[in-house]
Amino acid sequence: MALSPPSVARQPLHRRAVQIEAFGREDGLFDLEARLTDTKPFAIDLLSGRRDAGDPVHDMFLRVTIDAQFTIVGVEADPARVPNTGVCEAVAPKYERLVGLNLLRGFRKQVQARLGRIEGCTHLSELTSVLPTAALQSIAHLVRPVDDPRASEPPFFIGQCHAYDRSGEVVRRHYPQWFVQVDRTEKSDP
């Protein structure tokens, strides 16, 4: 465990697990499969009935198929275990509204616009929020070479996180052609 030990005694209340797997397909496309599971370490009574300790309250699945430009070309949603059986499952077909969206171009805002509030499921929509970074981590090296010295634009990740700050040490050392010197000395008013 990377965090420091807790300073007081604690009682487990809830566990949420999110898992993402990526697959290259023989047709040249890519599948991202996401799963969200919520469990309790004790029995709980829901509107739809009792769940025993460890029995999923939510067990939700989402598969998006993307092309090499990170555009969604297919979606399948399966809210397999839900607290409101017979109601929650009806939202799954709405996730086909994601087809045509690009994971790297305002994706999270567009998900909210298309599936926010009562149009979608909080848990399935939460799964969509991890898709952009999971896709980059999974397939970017296959579809976007980063070491082309003739490139006219910096690699897609430069300027997207602290480590790849255009004026930071990693960019200066490994991508000097995209490094930007910034004067970070503070100036005080007279």
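How many of the 10 residues of β2 are buried? In this predicted model, 8 of the 10 are buried, and strand β2 is mostly covered. The legends below begin with this strand and its partners.

**View 1. Strands β1 and β2 form an antiparallel pair.** Strand β1 covers residues 15-24 and strand β2 covers residues 30-39. The two strands run antiparallel and are joined by 10 bridges. At one place along the pair, G24 stands opposite F30 in β2. At another, R15 stands opposite T39 in β2. The hairpin of β1 and β2 has 5 residues between the strands, and within this hairpin G28 takes a positive phi near 90°.

**View 2. The surroundings of T39 in strand β2.** T39 lies in strand β2. Its relative accessibility is 16%, and T39 therefore counts as buried, the limit for this class being under 20%. When neighbours within four places in sequence are left aside, T39 is in contact with H14, R15, G54, D55 and P56. Of these, R15 is the residue that stands opposite T39 across the pairing with β2.

**View 3. Strand β2 also pairs with strand β5.** β2 and β5 run antiparallel and are joined by 9 bridges. Two opposed pairs may be located in this view: D31 stands opposite T65 in β5, and L32 stands opposite V64 in β5. Side chains in a regular strand alternate between the two faces of the sheet. Strand β5 is mostly covered, with 7 of its 9 residues buried.

**View 4. Strands β5 and β6 and the hairpin that holds F70.** β5 and β6 pair in the antiparallel sense over 8 bridges. Within this pairing, L62 stands opposite A77 in β6. The loop between β5 and β6 contains F70. Although F70 is not a glycine, it has a positive phi of about 70°. The hairpin of β5 and β6 has 5 residues between the strands. F70 counts as buried because its relative accessibility is 0%.

**View 5. R117 in the loop between α1 and α2.** R117 is placed in the loop between α1 and α2. Its phi is near 50°, a positive value in a residue other than glycine. R117 has a relative accessibility of 77% and so counts as exposed, whereas F70 counts as buried.

**View 6. The largest nonpolar core and the contacts of I66.** The largest nonpolar core holds 29 residues, of which L62, I66, Y95, L103 and L124 touch the most other members. Strands β2, β5 (58-66) and β6 (72-81), together with helices α1, α2 (122-128) and α3, each supply at least two residues of this core. When residues up to four places away in sequence are not counted, I66 touches L29, F30, L32, T71, I72, V73, L103, A135 and I139. A second, separate core has 5 residues, among them F157, I158, Y175 and W178. In soluble globular proteins, nonpolar side chains tend to be buried together.

**View 7. The largest pocket and its lining.** The volume of the largest pocket is about 460 Å³. The pocket is lined by 19 residues, and those closest to its centre are L104, P132, T133, L136 and F156. Helices α1 (107-115) and α3 (131-143) each supply at least two residues of the lining. The helix α3 gives the most, with 6 residues. By class, the lining of the largest pocket divides into 10 nonpolar, 6 polar and 3 charged residues.

Note on methods:
Residues are numbered from 1 along each chain as its sequence is written. This is a predicted model: local features need pLDDT of at least 70, side-chain atom pairs count only at pLDDT 80 or more; totals for chains, interfaces and linings use all residues. Side-chain values use heavy atoms; hydrogens and water are left out. On a 1 Å grid over the protein atoms alone, a cavity is a set of points where a 1.4 Å probe fits but cannot get out, and a pocket is an open set with protein on both sides within 12 Å along at least five of seven lines; lining residues have an atom within 4 Å of a point. Grid points are joined across faces, edges and corners, and a volume is the space filled by probe spheres set on the points. Helices (H or I, at least four residues) and strands (E, at least two) are DSSP runs, numbered from the N terminus. Ala, Val, Leu, Ile, Met, Phe, Trp, Tyr, Cys and Pro count as nonpolar, Asp, Glu, Lys and Arg as charged, and the others, Gly among them, as polar. Two strands pair if DSSP finds at least two bridges between them. A nonpolar core is a set of buried Ala, Val, Leu, Ile, Met, Phe, Trp, Tyr and Cys residues joined through side-chain atoms within 4.5 Å. Buried means under 20% relative accessible area, exposed over 50%, partly exposed in between (1.4 Å probe, protein chains only). Contact means heavy atoms within 4.5 Å.
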